[in-house]
Amino acid sequence: MTKLNLLTRYMKFKFCGFGLVFILWLGVTALARAEAQHGIAMHGDPALPRDFTAFGYVNPDAPKGGELKLAEYGSFDSLNPFIVRGQTPRGLRDWVFDSLMRRNNDEPFSLYGLIARSVEIPPDRSWVRFTIDPRARFSDGHPITVEDVIFSLETLRDKGRPNHRSYYSKVMEIEQPAPDQVVFHFDTELPDREMPLILALMPILPKHWYELRDFSETSLDLPVGSGPYQVAKITPGRQIVYQRNADYWARDLPANRGQYNFDTIRIDYYRDTSAGFEAFKTGLASLHEERDPARWATGYDFPAARKGKIEKHALPHGRPSGLRGLVFNTRRQIFTDPRVRKALSHALDFEWLNANYYHNAYQRIGGYFENSDLSAVGRPLPEAAADLLRPYAGSLPETVFTQGTLLPATDGSGRIRANLRKAKQILNGAGWAVENGQLRNRANGAAMTFEILLVRPEDEKLALSFARNAKLLGAKISVRTVDSTQYEERLRNFDFDMIIYDWYASLSPGNEQLYYWGSAAADQPGTRNYPGIKSAAVDAMIGHLLNARDRDNFAAAAQALERALSAGHYVIPLNYLPVDWVGVSSELERPEKTPVYGYDMNSWWQEPKN
């Protein structure tokens, strides 16, 4: 990465005399046009004024102290959360490593000063300048400098996870116009208006610590970080304890006030979620994030709950649904034809599953951004979104422009003969027929045989129900549940036929969409393009999303992306909840307001004991 100040940057054009002076004047004028701001928003202006004192969903006077005990399932074997290799414990990235700015969870995508005390961007967002707070320190007391910021970008770009490499490779040049300032210039031929915010959320690493180690290797060394907590101790694979840094320099900044209140956070690892719930019941965990509707409905009749020591909270949120579903690996030959994927979706009886397994608690996901203004599910596609899709009409079904992709539905009785007849018609048109009870491709004789790979035992009944219905079509499906280490390794290398996966969605989707669905990510191990999507239409809609200059155009791009993804039948959508289910120890307290993205444990606290 070239590090240039303004003078050396423009001398490469080999101008002299007046020409050089003029070019220098243009550069200085361009940088001067931006105004130093306390915050930045993806679209429009940040909601909070320059003199805000705390986020609106925290208790600024929350007491410090106590211990938060969490139960996780699986294991961990590394304390380097920035590389593909290894399993890292929960919280390591967010609690130990700070960024230049901090997100407000009550806005779609707005950031406020943290390590950077101010930010400057021009209208075209071709560059961003951060000014480092002179008080900023790492957990070992070393000052956080511009050199650390540059080291972080270059290290993550060259050796980090695929998403880091993709994001940070868009930085073309770096300048240091002052000892406490850094300017990042972006690729103007491939504009990306989210990049200033992506850089603002970059974890800041201590150069003096990491340059003495091989960053590309897993490690169990207790890291030096820049955040509110330090790793106090670990039992590899079984427990990690975070200790609040009493000398944390940013504890009283407006973006942090009322947060990070527990003195210690202890996370114990268990075999599976059922074992973790048993730990919660006996007081070994103080909070349980519930994902099982049956357990939520009937599983909280135990002594601690009856005595009032455990409380159930259904906390509302305003997040988009995201996409949870059965995922086809289109790298497998049997799943290359979208007609086959569409046909198999008729074997899922969501209504029966919801009634018999999930107490009718779930809503069916109709689109990736459902439950927000970014979705066109259940309504006509706005003309602005249709205009974006029209250049790709030849590769998309006509339904993209009309009602969208409608999911097969049933009456919930368990009788799905009509759906299976429709599936057989689609399969026959795609060249598949049943021979001796086995569904086969007429052209090459390939059998419709595959495995559903799981990591959560509670997903087995769903997968087995789907497999039983698909068997009536002549498909032979096995269901296999493996441990978290094996599962993550197979996901990392796309070594599966079908999985159940859950893609999170925010109110401001951006560069992560390339990581989820982009063609370049389809063959890159470690990305989350698990279906292996390679679609020019999808790529183009992500491009429109990244370059939208206002919320209306942004929403149109998101709606168009949702339609393009649904049209490919890459995933059989499952379910979502408009609330978060949480079982909580009565010792914990939380603010009255829940932010739009859902409850935030960082703002909770434990009342001091008398």
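Here are some short exercises on the predicted model above, each followed by a worked solution.

**Exercise 1. Work out how helices α18 and α19 are arranged relative to each other.**

Start by locating the two elements: α18 covers residues 536-547 and α19 covers residues 551-567. Next, look at their axes, which come within 8 Å and cross at roughly 165°. Angles over 145 degrees count as roughly antiparallel, so α18 is roughly antiparallel to α19. Finally, check the hand: the crossing of α18 and α19 is left-handed.

**Exercise 2. Find which residues form the contact of α18 with α19, and sort them by character.**

Take the α18 side to begin with: Val 538, Met 541, Ile 542, His 544 and Leu 545 take part. On the α19 side, their counterparts are Phe 554, Ala 557, Ala 558, Ala 560, Leu 561, Ala 564 and Leu 565. Now sort them: 11 residues of this contact are nonpolar, 1 is polar and none is charged.

**Exercise 3. Describe the surroundings of Phe 554 and Gln 559, and decide whether each is buried or exposed.**

Begin with Phe 554, found in helix α19. Its relative accessible area is 0%, and buried means under 20%, so Phe 554 is buried. Leaving aside residues up to four places away in sequence, Phe 554 touches His 43, Leu 374, Leu 507, Ser 508, Pro 509, Leu 545 and Ala 548. A distance completes this step: the C-alpha atoms of Phe 554 and His 544 are separated by 7.6 Å, with their positions 10 residues apart along the chain.

Then turn to Gln 559, another residue found in helix α19. With 4% relative accessibility, Gln 559 counts as buried. Again setting aside residues up to four places away in sequence, Gln 559 touches Asp 373, Leu 374, Ser 375, Ala 376, Arg 379, Leu 381, Pro 382 and Ala 385. Leu 374 can thus be found among the contacts of Phe 554 and among those of Gln 559.

**Exercise 4. Lay out the open sheet of 5 strands, and find what packs on it.**

First write down the strand order, which is β19-β18-β20-β14-β21, with mixed pairing. The edges are β19 and β21 (571-573), each of which pairs on one side only. On average, neighbouring strands of this sheet are turned by 30° against each other, direction ignored.

For the packing, look at helix α15 (residues 460-471). This helix touches β14, β18, β19, β20 (498-503) and β21, and its direction makes about 170° with that of β19.

Now follow individual pairs. Strand β18 (residues 449-454) and strand β19 (residues 476-481) pair in the parallel sense over 6 bridges. Within this pair, Ile 452 stands opposite Val 479 in β19. Strand β18 is mostly covered, with 5 of its 6 residues buried. Toward the other edge, strand β14 (residues 323-328) and β21 pair in the antiparallel sense over 3 bridges. There, Leu 326 has Ile 572 in β21 as its bridge partner.

**Exercise 5. Do the same for the open sheet of 3 strands.**

Its order is β1-β4-β3, and the pairing is antiparallel. Strands β1 (39-41) and β3 (101-103) are at the edges, each pairing on one side only. Neighbouring strands here are turned by 25° against each other on average, direction ignored. For a closer view, take β1 and strand β4 (residues 110-113), which pair in the antiparallel sense over 3 bridges. Gly 39 stands opposite Tyr 112 in β4.

**Exercise 6. Say what is unusual about the phi angles of Asn 360 and Asn 371, and where these residues are found.**

Keep the background in mind: most residues other than glycine have a negative phi. Asn 360 has a positive phi of about 55° although it is not a glycine. For Asn 371, phi is near 75°, again a positive value in a residue other than glycine.

Next, place them. Asn 360 is in the loop between α12 (350-356) and β15 (363-364), while Asn 371 is in the loop between β15 and α13 (383-389). Last, compare the accessibilities: Asn 360 is exposed, at 53% relative accessible area, whereas Asn 371 is partly exposed, at 33%.

Terms used: Residues numbered from 1 in each chain as written. Predicted model: local features only at pLDDT ≥ 70, side-chain atom pairs only at ≥ 80, totals over all residues. Heavy atoms only, no water. Pairing = 2+ DSSP bridges. Helix = DSSP H or I, 4+ residues; strand = E, 2+ residues; numbered from the N terminus. Axes fitted to C-alpha atoms, helices over the stretch in contact; angles between N-to-C directions. Parallel < 35°, antiparallel > 145°, perpendicular 65-115°, else oblique. Left-handed = near helix turned anticlockwise from the far one by under 90°. Contact = heavy atoms within 4.5 Å. Nonpolar A, V, L, I, M, F, W, Y, C, P; charged D, E, K, R; others polar. Buried < 20%, exposed > 50% of the residue type's maximum accessible area, 1.4 Å probe, protein only.
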